[in-house]
Amino acid sequence: MSRTSTIERSTKETKIKVSVDLDGSGKTDIKTGVGFFDHMLTAMGKHSLIDLQILAEGDLDVDQHHTVEDVGIVFGQVLNQALGDKSGITRYGWAVVPMDEALVLTSIDISGRGMLYYDVDIIHEKIGEFDSILISEFFEGLTRNSNITLHIKMLSGADPHHIAEAVFKSFAKSLAQAVSVSDRIKGVFSTKGIL
């Protein structure tokens, strides 16, 4: 069974196209117009082993907010669609990933309940030209639209680039584990029989 999906979304603020292959090898094609965000999404695809194409045009003359949030929304929708009925998936994933002095823990439950618990303190407002507050906006859009419960907790860190990179890589490793299929799991991995 193919676990792929492509979704396009156009608003007056953004035009987004996201494609995923959950059983890929981490190939990426990322173009959002936001350099640091592209760097983080490329790392996310690589370390999740999910093939990922994200093409975005947004009102960057206003700011980066709409583009980053809307990419999160569409990526969440694509994940949800690619997972299908969620039969056979491991469901849970977790990782603690270092990036030099930064250490971030991420835990995922593909639960059918979209919630984000984000405990990351990046004291710098900017990482280069990127607004650091937008990291949580991306994951908020993603969780609401994928119906994933996601916890992200910074355990240590000082350099904002390192912290952000640890966030995206720990999410990637957690996601790879949660979407993986086990032949030991028959049907949906829930006592309710549905996620």
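## A tour from hairpin to aromatic cluster

Start by selecting β1 and β2: the two strands make a hairpin, with three residues between them. Strands here are DSSP E runs of at least two residues, helices are H or I runs of at least four, and both are numbered from the N terminus. Before you click further, note that this is a predicted model, where local features need pLDDT of at least 70 and side-chain atom pairs count only at pLDDT 80 or more, while totals for chains, interfaces and linings use all residues. Residues are numbered from 1 along each chain as its sequence is written, and side-chain values use heavy atoms, leaving out hydrogens and water.

**Stop 1: the strands**

Colour residues 4–10 (β1) and 14–21 (β2): they run antiparallel, joined by seven bridges. (Two strands pair if DSSP finds at least two bridges between them.) Now pick T6, whose bridge partner in β2 is S19. Stay on S19 and look for Q53 in β4, which stands opposite S19. Widen the selection to residues 51–58 and you have the whole of β4, paired with β2 over eight bridges, again in the antiparallel sense.

**Stop 2: the rings**

Next, show the aromatic side chains. The whole structure holds eight aromatic pairs. Rings of Phe, Tyr and Trp (its six-membered ring) pair if their centres lie within 6.5 Å; planes under 30 degrees apart are stacked, over 60 edge-to-face, and the rest tilted. Zoom to F37 and F130: their ring centres are 6.2 Å apart and their planes at 15°, so this pair is stacked. F37 sits in helix α1 (residues 35–48) and F130 in strand β9 (residues 130–131), so the pair ties together parts 93 residues apart in sequence. F37 is buried at 1% relative accessibility, and F130 is buried at 2%; buried means under 20% relative accessible area, exposed over 50%, and partly exposed in between, with a 1.4 Å probe and protein chains only.

Move on to F75 and F138, a stacked pair with 6.4 Å centre to centre and 20° between the planes. This one links helix α2 (residues 65–83, with F75) to helix α3 (residues 134–146, with F138), so it ties together parts 63 residues apart in sequence. F75 is buried at 2%, and F138 at 0%.

To see the full group, select F36, F37, F75, F130, F138, F139, F168 and F171, which form one aromatic cluster.

**Last stop: R184**

Finally, jump to R184, in the segment after α4 (160–179). R184 is exposed, at 76% relative accessible area. Draw a distance from its C-alpha to that of G72: the two are separated by 32 Å, and 112 residues apart along the chain.
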